[in-house]
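The exercises below are to be worked through with the sequence and the coordinates at hand. Each opens with a task and is followed by a solution in steps.

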Amino acid sequence: MSKKSTGKTVPSGRLVRAGRLGAMAGRVATSMLTEGAGQWLKGKRPSWSSLLLTPANLSRITEQLATMRGAAMKLGQLISMDSGDFLPEELSTILGRLREDAHPMPREQLQAVLDDAWGAGWQDNLLYFSFAPIAAASIGQVHKAITMDGETLAIKVQYPGVRDSISSDVDNVATLIRLSGLVPGRVDLAPLLGEAKTQLEQEADYLREAAMLRRYQALIDDEPSLVMPDVYDTLTTDTVLAMRFLKSEPLDVLQGLPQADRDSLMSTLMRLFFKEVFDAGLIQSDPNLANYRLDTENTRIALLDFGATRELSNTISNGYRELLNAAATSDRERMRSAALAIGLIHDEHSEAQQEAVLDIGMLACESIRQEGVYDFGQSTLISRLQPMGMALTFDLDFWHTPPADALFIHRKLGGLFLLAKRFRARINMRDTARPWLDQT
């Protein structure tokens, strides 16, 4: 066994977790009142959001979420990753800490969790178990173990109380978002909050993740440059996921590979995305950089973490294939029909709103229309899309919430675009997508 690790105990009871969030809210409110009074005395009229978004308050919020982990921290990560370009700089910067600031469980708490999952004396059945985690995230942390027959495993252990507190944690974080004033009061967050709870409940079910790992394996059987861990059933429970350990390096190692290797690997990930959406109706919806690793020995990408795998309806899959083909042929009316079928727009939206959505869609798909190689490293697509998205939301008052599946598809595709840009990939996207384009 390895020597004792240190960490911060995860609050496991709903009342304790709610109490901690409540105490944090009280300290934040006190800070807001003090700061507000000071500004009034100076003759300034502060806004509610400016009082909340002070560095001190944001530090309190992120520190509490990092300590609690679970749904609270997960939502903070999602806000940071998906909306960083649209939030105040202070909020984006401090929320970004949540991607790294997961405190591991102390050994005593970890021991109790594993005793509950595997039974007392489980150590006697393993040759080695490292109590120091090799990775720690929002819902669980990962440990290395070796079985008696020499099999090296990656053991993902769920934080205690995470599953039972998902609903209340999501509601409490939503309250903080509302308090910030960043989202207009008329926006109906209920559908998104409900979807967030469902998604997090699925991520907290490790037996479901094990099943998704097996289903997803079929998608990469014909992709020699991709690899996934196999499930080790003997030690897998609903709160502990045991997998065969994959020797790999952080994906940033890809930066040092030749251009041809970077292009080939990123092209494979793009092709996998099309297979997910159009063939399997099954998508791993979290494009977090940590969910990809590089097997440098075999020059292949290791795919990790399938808790966020979603099943897509035929309506969504068929609708996005229509969108793809509409973009490939610059057919705006076909794109409009597909967007209406998916629910990206509705008939009651004004012509100006619909046209703006189509403009964004066409621009977002420029790599599919381009004949030949698209240079992601030199692309300015994001900087061109951002003002269009802001104008649609604020100038045209377009606060429409599309179906959850659409949001996760956009998130996955956006994450892949950022990966391709990060690694300066040059890909013929039209050729990559050709199996799913109309043959005319």
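**Exercise 1.** In which sense, and over how many bridges, do strand 4 and strand 6 (residues 240–244) pair?

*Solution.* The model is a predicted one, and the pairing is read from its backbone. Strand 4 and strand 6 pair in the antiparallel sense, and five bridges join them. As a point of register, A154 stands opposite M243 in strand 6. Strand 4 also has strand 3 (residues 140–147) as a partner, with which it runs antiparallel over seven bridges; here V142 is found opposite K156 in strand 4. The connection between strand 3 and strand 4 is a hairpin with four residues between the strands, and in its turn G150 has a positive phi of about 90 degrees. Finally, with buried taken as under 20% relative accessible area, six of the seven residues of strand 4 (residues 152–158) are buried, so this strand is largely enclosed by the rest of the structure.

**Exercise 2.** Establish the strand order of the open sheet of four strands, and identify its edges.

*Solution.* The order is 5-10-9-7, and the pairing is mixed. Strand 5 (226–227) and strand 7 (249–250) are the edge strands, since each pairs on one side only. At the edge formed by strand 7, the partner is strand 9 (residues 292–295), and the two pair in the antiparallel sense over two bridges. Within this pair, E249 stands opposite L294 in strand 9.

**Exercise 3.** Describe the largest nonpolar core, and state which residues have the most contacts inside it.

*Solution.* The largest nonpolar core has 93 residues, and L303 and Y320 are those with the most contacts inside it. Helix 10 (residues 259–280) contributes the largest share of this core, namely nine residues. Leaving aside residues up to four places away in sequence, Y320 touches V277, F278, I342, L344, A406, I409 and H410.

**Exercise 4.** Characterise the largest cavity by its volume, its lining and the helices that supply that lining.

*Solution.* The structure holds one cavity of 30 Å³ or more, and the volume of the largest cavity is about 100 Å³. Its lining consists of 13 residues, of which Y216, L272, Y292, L303 and K412 lie nearest the centre. By class, the lining divides into nine nonpolar, two polar and two charged residues. Helix 10 and helix 16 (404–422) each supply at least two residues of the lining, and helix 10 gives the most, with four residues. L303 therefore appears twice in these solutions, as a residue with the most contacts inside the largest nonpolar core and as one of the residues nearest the centre of the largest cavity.

Key: Residues are numbered from 1 along each chain as its sequence is written. This is a predicted model: local features need pLDDT of at least 70, side-chain atom pairs count only at pLDDT 80 or more; totals for chains, interfaces and linings use all residues. Side-chain values use heavy atoms; hydrogens and water are left out. Two strands pair if DSSP finds at least two bridges between them. A nonpolar core is a set of buried Ala, Val, Leu, Ile, Met, Phe, Trp, Tyr and Cys residues joined through side-chain atoms within 4.5 Å. Buried means under 20% relative accessible area, exposed over 50%, partly exposed in between (1.4 Å probe, protein chains only). Contact means heavy atoms within 4.5 Å. On a 1 Å grid over the protein atoms alone, a cavity is a set of points where a 1.4 Å probe fits but cannot get out, and a pocket is an open set with protein on both sides within 12 Å along at least five of seven lines; lining residues have an atom within 4 Å of a point. Grid points are joined across faces, edges and corners, and a volume is the space filled by probe spheres set on the points. Ala, Val, Leu, Ile, Met, Phe, Trp, Tyr, Cys and Pro count as nonpolar, Asp, Glu, Lys and Arg as charged, and the others, Gly among them, as polar.
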